[in-house]
Every structure is written in C-alpha cells, then in structure tokens.
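Here is a friendly walk through one protein model. Have a look at the structure first, and then we'll go through it piece by piece.

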Amino acid sequence: MLQQTQVDTVIPYYQRFLVRFPSVNALAEARAEEVLKLWENLGYYSRARHLHAAAKEIVARCGGRLPQDRKELLGLPGIGEYTAAAILSMAFGLPVAAIDGNVSRVISRLYALRKPLGSPESRRPIRDLADQLLSQRHPGPFNQAMMDLGATVCTPRTPSCPSCPLRGLCMAERKGLQGKVPVPGKRPVPCHKPMTAAIIADRKKRVLVVRRPASGLLGGLWKFPGGERGATEAVKEALVRTVREELGVSIRVGEEVAWVKHAYTHFRVTFHVHRCAIERGQPESHEGREWKWVPAARLRRLALSKAERKILDALHS
Ligand code: SF4
C-alpha cells in the first residue's frame, strides 16, 4: 500500500484491510470485488490485484507462508526486487539492501553521485554502495532507517542537513551540492486523453455500468460505458463508437451533464459525460467484459475509480 502513497493516507486503509483479511488465507478466499472495494481511492489498483493473486499462490503453493527465498518471492505476483528485499530483510532478518527512491537519494548525496537518478549508469553504483553500507546484523532496521531518513530528513527539495545524523559523512553537504544531487532523471511530459462517458438509465432508474478487464490500468473496477475519443472525433461520435464496442448497442446521445478532469501519474484525462439512451440492441458482454444495471442510489457501493467518483459527484452537484 505504501508504494507511491503516503503513510497518513495509507493508515486507515491498512487497518480496515487487516480487520477484514487478518490472514493470508482470508485474503486468498476473498472475492476480487471486495478486495478492490477496500482499496478504492488508493489508486494503483494493480497492487491490490497482485496482492490478492499472491495470497492465492502462497496458500496454494507455499502452505500459506511467505517463502524466505529471493527467487521464490520474485515468482509471486506483484513482488519485484525492492519488495523482495524489504520482505527478506524486515520479515526474515536476511542481509539484503532494499533500495527505493528515498534510499537512492540518500546514497546519491552521501557520495555526491552525479549520474541521473533512475538511469542505468546510476543503478549499479547505488546498488553496490547500498550493499556495502548495509548492516549485516540488523538489515531490517537499517533498511527502514535509510528509507525514513530519505522520507523525513534528506527530502528531495529541502534536506534538513543540520539535523541529519549522517552530516559528518555526507559529501554533497561538504561540497554544498545538496540542491544539485541527485541529478533528476528525465520525466516524460504527462499526456492528455480526452474521454467520454455515457450515463444510460432504464425506466427503473437503474444505470448501466461496465467492468474493466482484470488486467491493465484500474483493472476490475466498474465504470460508465464510453472510452477515449480519437484526435479528430467529435464527442458524440466517440460515445456512439465506444459504447458500441463495449456493449454492442447503438445509443442516442443526449445533453452533456458533466465535465470532469482527473490526473493520473503519467497522464491527465478530461471526461465529457452525456446522458444517453439505448436506441437499438441489448447490452452484450464484449471481450469478456461484465456489465450490469445498478440502481442509481447504489452506484457508490461499487468499486469505482476516483475519476468515476468525480463523475458521480458532478452529477449530484
Ligand atoms: S547531510 Fe543533508 S544531504 Fe547529506 S544525507 Fe544528510 S540530509 Fe541528506
């Protein structure tokens, strides 16, 4: 939960998650829908799907216990080098350095490394130095201390050097290079995606929703029908096309009822939301996508993305 997300945000999610899933078995037996619902608004939903899938594998293949072996850990869904190192050092006390963005920054400053962070030229020296620094007797507390130092003292913009316990060892501080090290890596400019969403209600005031495929961005969450608009496509054309592709029905596009912006890490979206009605056909499951009619009053009980919640808020404002 803490990857890409701050501690204060995570705490209530973590507590609710552990109350509902107090063991790996409880998580393995849960429905995907319920896991996603407890993750709702934390973002990066692939983490929840991977955690759920990993719990199932741990129960099925490892007798319900996390393996203590790096390779076996790396074979579980959602576990990469960093998470495997964190588990091995913190849960099992094994001497493996865990290197996240905070640790990379601290090491870059301690040794005044001038290679761009995240670049192949910087990864190797940071890994070697982290291995050399690692406490063999207390690898878990050492890794946590390095992460916390980066998160709270050696922060990206204004490191608190006067109160830093590593001040006497720090080459960047000695040379006055804290503002220049680490050299930032190149960031892609976030692109913008124009999106459409159709609010289709039936006579019983139920609203049509579609479930995203299990893999991919926001996988497994429910959404309003619609999708990305092509560069030269009008909003109405895009609505007709995307709803037909998703559900196999022809729609009549009515008035625009909301206009919603949302930003993800690597791109921004703007939703044009229109009230629509089915003209021809019955919704069908295309490419295995689930769909259902949901009473309008119960839409918020579904596992939805933040953007979908913003659309709901806009409809009721
Ligand atoms: S002295 Fe300053 S730059 Fe160096 S590790 Fe400490 S906080 Fe970071």
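## A starting question

Is P95 buried, partly exposed or exposed? Keep in mind that we're looking at a predicted model. P95 turns out to be partly exposed, because its relative accessible area is 42%, and the buried class needs a value under 20% while exposed needs one over 50%.

So where do you find P95? Look in the loop that runs between α6 (81-91) and α7 (101-110). Leaving aside residues up to four places away in sequence, P95 touches L134, Q136 and P139. Now jump to A172, which is 77 residues from P95 along the chain: the two C-alpha atoms are separated by 27 Å.

## The whole chain

Let's zoom out. The protein chain has 317 residues, and 42% of them count as buried. You'll find 12 helices and 6 strands in the chain. Measured out along the principal axes, its C-alpha atoms fill a box of roughly 70 × 50 × 30 Å.

How do the contacts spread along the sequence? Take those between residues at least 6 apart: 62% of them join residues at least 24 apart.

## Helix α7 and its cover

Right after the loop of P95 comes a helix worth a look. α7 is mostly covered, with 8 of its 10 residues buried. Those buried residues are V103, S104, R105, V106, I107, S108, R109 and L110. What lies over them includes three other helices: α8 (120-133), α9 (139-152) and α10.

Pick out S104, which sits in α7. S104 is buried, since its relative accessible area is 12%, and the cut-off for buried is under 20%. Its contacts, without residues up to four places away in sequence, are I99, L117 and I126.

## Around the ligand

Which residues are around the ligand? They are R109, C154, P159, C161, C164, R167, C170, E173 and Q178. R109 is one you've met already, as one of the buried residues of α7. Sorted by class, this shell holds 5 nonpolar, 1 polar and 3 charged residues. As for the room the ligand takes up, that space is the largest cavity.

There are several cysteines in the list, C154, C161, C164 and C170 among them, but the disulfide count comes to 0. C164 counts as buried because its relative accessibility is 17%. C191 tells another story: at 39% relative accessibility, C191 counts as partly exposed.

## V181 and a cis bond

Next stop is the loop between α10 (171-175) and β1 (191-200), which is where V181 has its place. V181 is buried, because its relative accessible area is just 1%. What does V181 touch, not counting residues up to four places away in sequence? The answer is S108, R109, A112, L113 and R114. Two of these names, S108 and R109, also appear among the buried residues of α7. R109 is around the ligand too.

In the other direction, T242 is 61 residues from V181 along the chain, and the C-alpha atoms of the pair are separated by 47 Å.

There's something else to spot here. The peptide bond from V181 to P182 is cis, and its omega is near -5°. P182 also has its place in the loop between α10 and β1. Why point this out? Most peptide bonds are trans, and most residues other than glycine have a negative phi.

## Two positive phi values

That last remark about phi brings up two more residues. Y44 is not a glycine, yet its phi is positive, near 45°. Y44 lies in the loop between α3 (32-39) and α4 (46-61). With a relative accessible area of 35%, Y44 is partly exposed.

The other residue is L218, whose phi is near 60°, again a positive value in a residue other than glycine. L218 is found in the loop between β2 (206-211) and β3 (222-223). Is L218 buried or exposed? L218 is buried, because its relative accessible area is 8%, and anything under 20% goes in that class.

Definitions and conventions:
Residues are numbered from 1 along each chain as its sequence is written. This is a predicted model: local features need pLDDT of at least 70, side-chain atom pairs count only at pLDDT 80 or more; totals for chains, interfaces and linings use all residues. Side-chain values use heavy atoms; hydrogens and water are left out. A residue is near a molecule or strand if one of its heavy atoms lies within 4 Å of it. On a 1 Å grid over the protein atoms alone, a cavity is a set of points where a 1.4 Å probe fits but cannot get out, and a pocket is an open set with protein on both sides within 12 Å along at least five of seven lines; lining residues have an atom within 4 Å of a point. A molecule sits in a cavity or pocket if more than half of its atoms lie within 2 Å of its grid points. Ala, Val, Leu, Ile, Met, Phe, Trp, Tyr, Cys and Pro count as nonpolar, Asp, Glu, Lys and Arg as charged, and the others, Gly among them, as polar. A disulfide is a pair of cysteine sulfur atoms within 2.5 Å. Buried means under 20% relative accessible area, exposed over 50%, partly exposed in between (1.4 Å probe, protein chains only). Helices (H or I, at least four residues) and strands (E, at least two) are DSSP runs, numbered from the N terminus. Contact means heavy atoms within 4.5 Å.
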